[in-house]
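Dear colleague,

I am handing over the structure below, together with an account of what was found in it. Please read the notes with the model open beside them.

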Amino acid sequence: MAKKAVASLQKGGGKEYTKVIITTKSAKTGAYTFKESMIHNDKVKDTLAEAAKNN
């Protein structure tokens, strides 16, 4: 199924987006959580900088 999703993103404007996965560690339990999002290529650096600042 992943190939089908990737193929559909390559049509039209899908190449303008990047899948970003941000990992955060819980202070209470020490478990990791993952936040996945599709972000426009122009905003990837800003999103990663914001995530690093919050951790």
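A residue is called buried here if its relative accessible area is under 20%, exposed if that value is over 50%, and partly exposed in between. By that standard, 11% of the 55 residues of the protein count as buried. Please keep in mind throughout that this is a predicted model. The average pLDDT of the protein is 82, and 78% of the residues score at least 70. Among the elements of the protein, the highest mean pLDDT, 92, belongs to strand β2, whereas helix α1, which covers residues 2-9, has the lowest, at 56.

As for the overall layout, the secondary structure comes to two helices and two strands, and their pattern, read along the sequence, is α-β-β-α. The protein exposes about 5,000 Å², of which carbon and sulfur atoms supply 56%. If one takes the contacts in the protein with a separation of 6 or more, residues 24 or more positions apart account for 28% of them.

The two strands are a good place to begin a closer reading. Strand β1, residues 17-25, pairs with strand β2, residues 32-40, in the antiparallel sense, and nine bridges are found between them. Among the bridge partners, T18 is matched with I39 in β2, and K25 is matched with Y32, also in β2. The hairpin that these strands form has six residues between the strands, and in this hairpin G30 takes a positive phi near 80°.

How many salt bridges does a search of the whole structure find? The search finds one, and this salt bridge is formed by E36 with K19, whose closest N and O atoms are 3.2 Å apart. Because E36 lies in strand β2 and K19 in strand β1, the pair ties together parts that are 17 residues apart in sequence. Both E36 and K19 are exposed.

Y17 also belongs to strand β1. With a relative accessible area of 43%, Y17 falls between the limits of 20% and 50% and is therefore partly exposed. Not counting residues up to four places away in sequence, Y17 touches M38, I39, H40 and N41. For Y17 and N41, which are 24 residues apart along the chain, the separation of the C-alpha atoms is 5.3 Å.

Which residues make up the largest nonpolar core? This core has five residues, namely V20, I22, I39, V44 and A51, and β1 and α2 each supply at least two residues of it. One member of the core, V44, touches T18, V20 and I39, if residues up to four places away in sequence are not counted.

Helix α2, residues 44-54, deserves a separate look, and A52 is one of the residues found in it. The relative accessibility of A52 is 54%, which is over 50%, so A52 counts as exposed. A52 and T24 are 28 residues apart in sequence, while in space they are 9.6 Å apart, C-alpha to C-alpha.

T47 has its place in helix α2 as well. Its relative accessible area is 22%, and because a buried residue would have to be under 20%, T47 is classed as partly exposed. Not counting residues up to four places away in sequence, T47 touches I22 and I39, two residues that are listed in the nonpolar core. From C-alpha to C-alpha, T47 and I22 are 9.4 Å apart in space, and they are 25 residues apart in sequence.

With kind regards

Definitions and conventions:
Residues are numbered from 1 along each chain as its sequence is written. This is a predicted model: local features need pLDDT of at least 70, side-chain atom pairs count only at pLDDT 80 or more; totals for chains, interfaces and linings use all residues. Side-chain values use heavy atoms; hydrogens and water are left out. Two strands pair if DSSP finds at least two bridges between them. Helices (H or I, at least four residues) and strands (E, at least two) are DSSP runs, numbered from the N terminus. Buried means under 20% relative accessible area, exposed over 50%, partly exposed in between (1.4 Å probe, protein chains only). Contact means heavy atoms within 4.5 Å. Accessible areas come from the Shrake-Rupley method with a 1.4 Å probe; for residues, only the protein chains shown count as cover. A salt bridge is a side-chain nitrogen of Lys or Arg within 4 Å of a carboxyl oxygen of Asp or Glu. pLDDT is the predictor's confidence in each residue, from 0 to 100. A nonpolar core is a set of buried Ala, Val, Leu, Ile, Met, Phe, Trp, Tyr and Cys residues joined through side-chain atoms within 4.5 Å.
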